[in-house]
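Dear colleague,

I am passing a structure on to you, and I would be glad if you would look through it alongside the notes below. They begin with a question and then go through the findings by region.

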Amino acid sequence: MKYLATFEKRSKRIKIEGNINKNNEKLIKGFLQAKKIAGLSEKTIYVYKCDLYTWAKYLHDEMEDLLIEDCTEDDIMEYISFRMEDNHVNRIKVIFSGISSLYDHLRRKRIVTENPVSLIERPKKGLPVVEKHFLNIEQAKELQDKLSKQDDLQLEVYINFALSTAGRVTATSNLRWDNIDFDNRVCENIKEKGGKIVDFYFSEKVKDLLLKLKEVRKKEDIVNDYVFLVKYDKEYHKATSNVLRSWAKKAGKLIDIDNLAPHSLRRSFATIAKANNLPLEDISTILNHESTDTTKIYIKEDKGKISKSKDMIGL
């Protein structure tokens, strides 16, 4: 679904265009209709609409098409942090209010059980909401080293796979053994939300880890088409996106990062690849982005490197 979200910011007109999940759009439309029936002004409903559609686009493009009903307070804090980069705190409070009002509506409709916004402290002037995590190469290697010493092969495989492929969490959740071409080190025809089909490319190290995991499954007589599994009710099931998010958070604690997330690993790949002079177009292709403009958001620039490069000019 294409849409054009427009809102006012310090007399500058901002336009954001892109795709949103149909389920998220349905929830937003129902909320806006309810507010219209409740008698809210056209101006208030317009602001709600622009802010919520902009958020829905972010969930689609930057958070692996995350559903509104699956968002946690950490997910919302991530978005608010992104919006704080170029908005006044008073504007952020309006965005907070819109998202919170939507969740109150969804709770009354029994679509969600709680309002995750209620768990977040409203931002004050000059106070950052949450830090975006970009692992540098040293942190990534430290994490890989610590994982190799843990008694959790599946977690080690997942983190290394996510760092190597930069795959979205939804596609990684859907990864099956028959998607994997070990000879060419590529995972083919993986299905993402919305029916999009993508390919992943992985390293020799990840190849070895995957083969090791496959062998362990064979020895333990675990038969399942999916690569990443979780056990409950005495049976193995595909690890959902939320399960993979919990794994990323668990791994982050090994290097003292509290909120490491799957999209943090994607950003880490992009940042490390750019620092190693991989062309932006290639990084964008690996990330399966439709535009390099989206890829630029993922990359944390090395200010020290930029400063040294500037010094070479001599001006």
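Which residues in α5 meet which residues in α6? On the α5 side they are Ala140, Leu143, Gln144, Leu147 and Ser148, and on the α6 side they are Leu155, Glu156, Ile159, Asn160 and Leu163. Please keep in mind throughout that this is a predicted model, and that every value below was computed from it.

The geometry of that helix pair can be stated in a little more detail. The axes of α5 and α6 are 9 Å apart and the two helices pack at an angle of about 160°. Because angles over 145 degrees count as roughly antiparallel, α5 is roughly antiparallel to α6. The crossing of these two helices is left-handed.

Turning to the interior, the largest nonpolar core has 40 residues, and within it Tyr158, Ile159, Ile180, Leu210 and Phe228 touch the most other members. At least two residues of this core come from each of α5 (137–148), α6 (153–165), α7 (169–173), β4, β5, α8 (204–219), α9 (241–252) and α10 (262–275). Helix α6 provides the largest share, with 8 residues. There is also a second, separate core of 31 residues, and Ile28, Ala56, Leu66 and Val117 are among its members.

Two members of the largest core seem worth following individually. Leu210, which lies in helix α8, has a relative accessible area of 0% and is therefore buried. Leaving out residues up to four places away in sequence, Leu210 touches Val157, Phe161, Trp177, Ile180, Phe182, Phe202 and Val227. The C-alpha atoms of Leu210 and Tyr158 are separated by 9.2 Å, although the two residues are 52 residues apart along the chain. Phe228, for its part, is in contact with a set of residues that includes Gln154, Val157, Tyr158, Phe161, Thr172 and Leu175, as well as Arg217, His237, Lys238, Ala239, Leu244 and Trp247, once neighbours within four places in sequence are left aside.

A further link between parts of the chain involves Leu153, which is placed in helix α6. Setting aside neighbours within four places in sequence, Leu153 is in contact with Leu209, Lys212, Leu213 and Val216. For the pair Leu153 and Leu209, 56 residues apart along the chain, the C-alpha atoms are separated by 8.2 Å.

The next topic is the sheet. It is an open sheet of 3 strands in the order β3-β4-β5, and the pairing is antiparallel. Its edge strands are β3 and β5, each of which pairs on one side only. Strand β3 (residues 180–181) pairs with strand β4 (residues 186–191) over 2 bridges in the antiparallel sense, with Ile180 standing opposite Cys187 and Asp181 opposite Val186. On the other pairing, 4 bridges join β4 to strand β5 (residues 197–201), and these strands run antiparallel. The bridge partner of Cys187 in β5 is Phe200. Ile180, the β3 residue opposite Cys187, is also one of the residues that touch the most other members of the largest nonpolar core.

Strands β3 and β4 form a hairpin with 4 residues between them. Arg185, located in the loop between these strands, has a phi near 55°, a positive value in a residue other than glycine. Because its relative accessibility is 28%, Arg185 counts as partly exposed.

A positive phi is also found at Ala166, where the value is near 60°, again in a residue other than glycine. Ala166 is found in the loop between α6 and α7, and with 0% relative accessibility it counts as buried.

Finally, a polar site that you may wish to inspect: Asp51 lies in helix α2 (residues 42–62). Its relative accessibility is 4%, so Asp51 counts as buried. Asp51 touches Tyr79, Arg91, Val94 and Ile95, not counting residues up to four places away in sequence.

With best wishes

How values were computed
Residues numbered from 1 in each chain as written. Predicted model: local features only at pLDDT ≥ 70, side-chain atom pairs only at ≥ 80, totals over all residues. Heavy atoms only, no water. Pairing = 2+ DSSP bridges. Core = buried A, V, L, I, M, F, W, Y, C linked by side-chain atoms within 4.5 Å. Buried < 20%, exposed > 50% of the residue type's maximum accessible area, 1.4 Å probe, protein only. Contact = heavy atoms within 4.5 Å. Axes fitted to C-alpha atoms, helices over the stretch in contact; angles between N-to-C directions. Parallel < 35°, antiparallel > 145°, perpendicular 65-115°, else oblique. Left-handed = near helix turned anticlockwise from the far one by under 90°.
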